[in-house]
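Colleague: I am new to reading models like this one. Could you pick a single part and take me through it slowly, with each term explained?

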Amino acid sequence: MNLKVVGACLIALLTFAVTPAYSQDEGQRASTGGAQTLEDILARQKGLKVDESFRRDNLGNPENAQPISGNLGSLGGVSNSDIYRGIRYSETDVKVSNNGPAAEILVQDGGMDWLLTREGSIRAYAGYGIGGIILALVIFYYARGRMTIDGGPSGQTIERFKAFERFGHWCLAGSFIMLACTGLLLLFGRSVIIPIFGHEANSAIATFSIWVHNNIAWVFMAALVAIFVMWVAHNIPNKLDLVWFAKGGGIVGHGHPSAKKFNGGQKLIFWMTIVLGASVSMSGLSLLFPFELPMFAKTFGIINSFTGVGLPTELLPHEEMQLAHLWHAIVAITMIIAIIAHIYIGSVGMEGAFDAMGNGQVDLEWARQHHDLWVEEEEAKGAPIRQTGDLR
Ligand code: HEM
C-alpha cells in the first residue's frame, strides 16, 4: 500500500512538472502588438504550459521606437507593454519604498501552477490516499482479524517503555494528530467545509486551524528530536530485519520472526517519522518565516551535482514559497497515510500492543512472540517481571 502512496506522490509532483503544452497562432499575437492574447491567459489558468518566449524576448528595442511625434513617442523606444513585460520577467530595475525580501518582484505568475496543483492533484491524491488506507485496513481487519497472543496472555508483564519514553511518544503523537487534522481542514476547507457549512464557518475554522497548526508545530519538532535521541540506537538496520521482512513480519501468516527491541517494520516507521518529520518541519519553518529560509534552489543544486538532472537553481522568492508549500503538503500526506497504519497496529490491530505505550508494561508472552531477543536481553539484565494483578 505504501508503495502506491509513494507512487501517488511522485505522480502529483510529475503532474506539476509535466504540464501539457499549448501553442498559439503567432498571427493572433501579432494583432495584439506582441502581447499575450485572451487564449494565452485562459490556457495558463487551465494549467497548460504556455511558451512565454514571445513575451520574454520582446522587452523593447529603441530601433523600433516611434518618432517623437508619434504614439508613445514620449516613452522613447519602450512602450507600456514592454515595461510590463520587463517587470514580469524581472528584467526591469525596480525601485520600491519597502525593503522586504520579495518587494522588488512586482509580478510572478507561478501562483497559477501552485493553486491548480494544490486544489487539483494534491487534494485528489490526499483524498484517495487517506480514504484508500482506511478502506484497506478495514478490509484487512475483517479478512485477517485482530492479531492475538498465541495461547493467550501469560498474566505476567515486563516493562517495555519508561515514563519519559511514553511522554515523548505521546507529545509526538498528540501534536502530529492536531497538525494533521488542522492541516487537512485548511486543505479541504474550500471544497468540503464551504459547501456544507458556508464561508463564515470556514473562515472561523481556518483561522483557528492555522493558529493551532503554527503553535503546535514546535511541540512536534521538539518531540521528534526527543524520540530520535531516545530510540536511534535501537533502530539501526541489521540482517535480522531482512529475515523479518522475508517472513512477512508475522502479519502475513502466523509465524513470529525474531526481533530485538524494534522489528523491521517498526524501524521503517521510525525512520519514516524521522526523515519525513524533519523534511515537513523544515518546509514548515520556511512557510512560517516567509522568504527568510529559502531552501529549494540550494537543494536542487545539490541534487543536480549528484544526478545531473538540471533542476532550476535560480528561483524567485515566491517560487521558493510555492515549492515549500507543495512539498510540505506532499510529505505531510505521505506521513498521515503511514501513521494511520501505525495507529491501527498499535491499537485495534494487535492484542497487547497498546499497553506498551499505555502503562508501559506488556504481557510477557506478547513480548516473547514479537520481541524474543529483546526479552532475553532484559531477562539477562534482571528486569523485574510482575504479575498482572500487581498493576491494579
Ligand atoms: C493514537 C495514536 C497512536 C497510537 C495508539 C500509537 C501506538 C504506539 C505503540 C503501542 C507503540 C509501541 C509499539 C511497541 O511496543 O513496540 C508505538 C511506537 C511508536 N510510535 Fe506510535 N502511536 C500513535 C501515534 C503515533 C504518531 C502520530 C507517531 C508519529 C508521528 C508515532 C510514532 C511512533 C514511533 C516512531 C514509534 C516507535 C517505532 C514503532 O514502534 O513503530 N506514533 N506507537
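Modeller: Gladly; I will start with the whole chain and then stay mostly with helix 12.

This is a predicted model, in which local features need a pLDDT of at least 70, side-chain atom pairs count only at pLDDT 80 or more, and totals for chains, interfaces and linings use all residues. Residues are numbered from 1 along each chain as its sequence is written. The pLDDT is the predictor's confidence in each residue, from 0 to 100. The chain averages 87, and 86% of the residues score at least 70. Over residues 5-18, though, the pLDDT is below 50, and this stretch has 19 contacts in the model beyond near neighbours in sequence. A contact here is two residues whose C-beta atoms, placed from the backbone, lie within 7 Å.

The chain has 15 helices and five strands. Both are DSSP runs numbered from the N terminus: H or I of at least four residues for a helix, E of at least two for a strand. Of the contacts between residues at least 6 apart in sequence, 71% join residues at least 24 apart.

Now to our helix. Helix 12 spans 317-346. Its 30 residues reach 42 Å from first C-alpha to last, close to the 44 Å expected at 1.5 Å a residue. That expected span is 1.5 Å times one less than the number of residues.

How many of the residues of helix 12 are buried? The count is 21 of the 30, so this helix is largely enclosed by the rest of the structure. A residue is buried if 20 or more other C-beta atoms, placed from the backbone, lie within 10 Å of its own, exposed if 12 or fewer, and partly exposed in between. For the chain as a whole, buried residues make up 22% of its 392 residues.

Next comes the nonpolar core, meaning a set of buried Ala, Val, Leu, Ile, Met, Phe, Trp, Tyr and Cys residues joined through C-beta atoms within 7 Å. The largest has 33 residues, and Phe 220, Ala 329, Ile 330, Ala 332, Ile 333 and Met 335 have the most contacts inside it. Helix 6 (111-144), helix 7, helix 8 (199-231) and helix 12 each supply at least two residues of this core. Helix 12 gives the most, with 16. Apart from this core lies another, of 11 residues, among them Ile 158 and Trp 366.

Which residue pair links helix 12 with a distant stretch of the chain? The C-alpha atoms of Ala 180 and Ile 336 are 6.9 Å apart, although 156 residues separate the two along the chain. Ala 180 is in helix 7, and it counts as partly exposed because it has 18 C-beta neighbours inside 10 Å.

Finally, helix 12 also takes part in the shell around the ligand, as helix 7 (163-197), helix 10 (264-288) and helix 13 (355-358) do, each supplying at least two residues. A residue is near the ligand if its C-beta atom, placed from the backbone, lies within 6 Å of it. Helix 7 has the largest share, five residues. Of the 21 residues around the ligand, those that come nearest are Ala 173, Gln 266, Ile 269, Gly 346 and Ala 356. The shell divides into 14 nonpolar, six polar and one charged. Here Ala, Val, Leu, Ile, Met, Phe, Trp, Tyr, Cys and Pro count as nonpolar, Asp, Glu, Lys and Arg as charged, and the others, Gly among them, as polar.
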